[in-house]
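Here are a few short exercises to work through with the model open in your viewer. Try each task before you read its solution.

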Amino acid sequence: MAADPTTTSARGLFGRFWAWLPVQVDRRVIVAAWATLVVQIGIVGTGGLVRLTGSGLGCPTWPRCTEDSLVPTPEMGIHGIIEFGNRTLTFVLVVVAILMFLFVVRMRRERRDLFWLALLIGLYVPLQAVIGGITVLTNLNPYVVGLHYFASVALVALSAVLVARVYAAPGPRARAVPQWFVIVTHVTSALVLVTVIVGILVTGSGPHAGDGGAARNGLNPELMQHVHSWPAYALVAATLVLVVGARRTPPTLRLRLWTGLLLAVEIAQIVVGLWQARAGLPIALVNIHMVLAVLLVAAMTAVVMHLKAPPGVVQEPSAYAGSVEPTSART
């Protein structure tokens, strides 16, 4: 029996596509990983714009924009356009997530880390969209809105891990810094988490509810701003310890760069935070503050991801105070 030419052609196209997919990390994989991180940070900015312009209920239903229309109607005005535009960007996240997964699917055995990270991010994106829908259906409940933002924080952290792992060599890894540096790093990470969570509560108590009729969480916004500053300043102090300590770590880890970047983001965040509080919380500054928060998470993730390295560059405690000679070079 002769083969169906249509089926043969389809198999040929699939075979060529499969052969085109990477079998090791190349430029396509690196670009896709960075694109994943960029779009996850970008959606925070556009989502913040929705809330800060009072467009949170610009599309009053979900997943449709209205009961009768998938897209905003002219009567809904600019708020409908802003809200629908943010929803549309979710499809960009989905496309990037699919491409990232496809670019690592052939290396799923050799790079299981990249495969599972890409899959987790890909599955997380629609979950985040559902949480966004729940925020609309609950009339922008401040705690659900906060959960929606925190879900983006988690996605940014996962995306930062993905970027770090793309550049990392496959295989076993071991601690490449002293134990005290690891402890301080994890304490700093905890302070980042607390600072972000308290910041979410501060926003939930403030004037930017996303809609004029949306409820607030009932907390005192002035008191919460002070509470927010406590872990933030502790975070800077812990980061300064990391910056100083990073000067004695193996240069191959590039911890001087990542701790310096973390400190720079923190300083920018503090400056913007103080500025926005004294300027009456203008939309532009509040949105920058929200984006800087996820950049802070990404920078902190980068520091954590560079505490380990392949055994060839791991330092023994006695070598930490002096040379950076890799253990593999010793006899």
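**Exercise 1: A charge over rings**

Find the ring under the charged end of arginine 28.

Solution. In this predicted model, the charged end of arginine 28 is placed over the ring of tryptophan 20, 4.8 Å from the ring's centre. Next, look at phenylalanine 103: arginine 28 lies over the face of that ring too, at 6.0 Å from the ring centre. Finally, check the rings themselves: ring pairs join Phe17, Trp20 and Phe103 into a cluster.

**Exercise 2: One aromatic pair**

Describe the geometry of the pair formed by phenylalanine 101 and phenylalanine 115.

Solution. Start with the count: the structure has six aromatic pairs. In this one, the centres are 5.3 Å apart and the planes make an angle of 45°, so the pair is tilted, as that class lies between the cut-offs of 30 and 60 degrees. Then place the rings: phenylalanine 101 belongs to helix 3 and phenylalanine 115 to helix 4, so the pair ties together parts 14 residues apart in sequence. Last, compare accessibility: phenylalanine 101 is partly exposed at 24%, while phenylalanine 115 is buried at 13%.

**Exercise 3: The nonpolar core**

Which residues have the most contacts inside the largest nonpolar core?

Solution. They are Met100 and Tyr149, in a core of 75 residues. Now ask who contributes: helix 9 gives the most, with 15 residues. Then zoom in on tyrosine 149, whose contacts beyond four places in sequence are Val44, Val196, Ile200, Met290, Ala293 and Val294. To finish, locate the second, separate core: its five residues include Leu57, Val136, Leu140 and Val145.

Terms used:
Residues are numbered from 1 along each chain as its sequence is written. This is a predicted model: local features need pLDDT of at least 70, side-chain atom pairs count only at pLDDT 80 or more; totals for chains, interfaces and linings use all residues. Side-chain values use heavy atoms; hydrogens and water are left out. A nonpolar core is a set of buried Ala, Val, Leu, Ile, Met, Phe, Trp, Tyr and Cys residues joined through side-chain atoms within 4.5 Å. Buried means under 20% relative accessible area, exposed over 50%, partly exposed in between (1.4 Å probe, protein chains only). Helices (H or I, at least four residues) and strands (E, at least two) are DSSP runs, numbered from the N terminus. Contact means heavy atoms within 4.5 Å. Rings of Phe, Tyr and Trp (its six-membered ring) pair if their centres lie within 6.5 Å; planes under 30 degrees apart count as stacked, over 60 as edge-to-face and the rest as tilted. A charge sits over a ring if NZ of Lys or CZ of Arg is within 6 Å of the ring centre and within 35 degrees of the ring normal.
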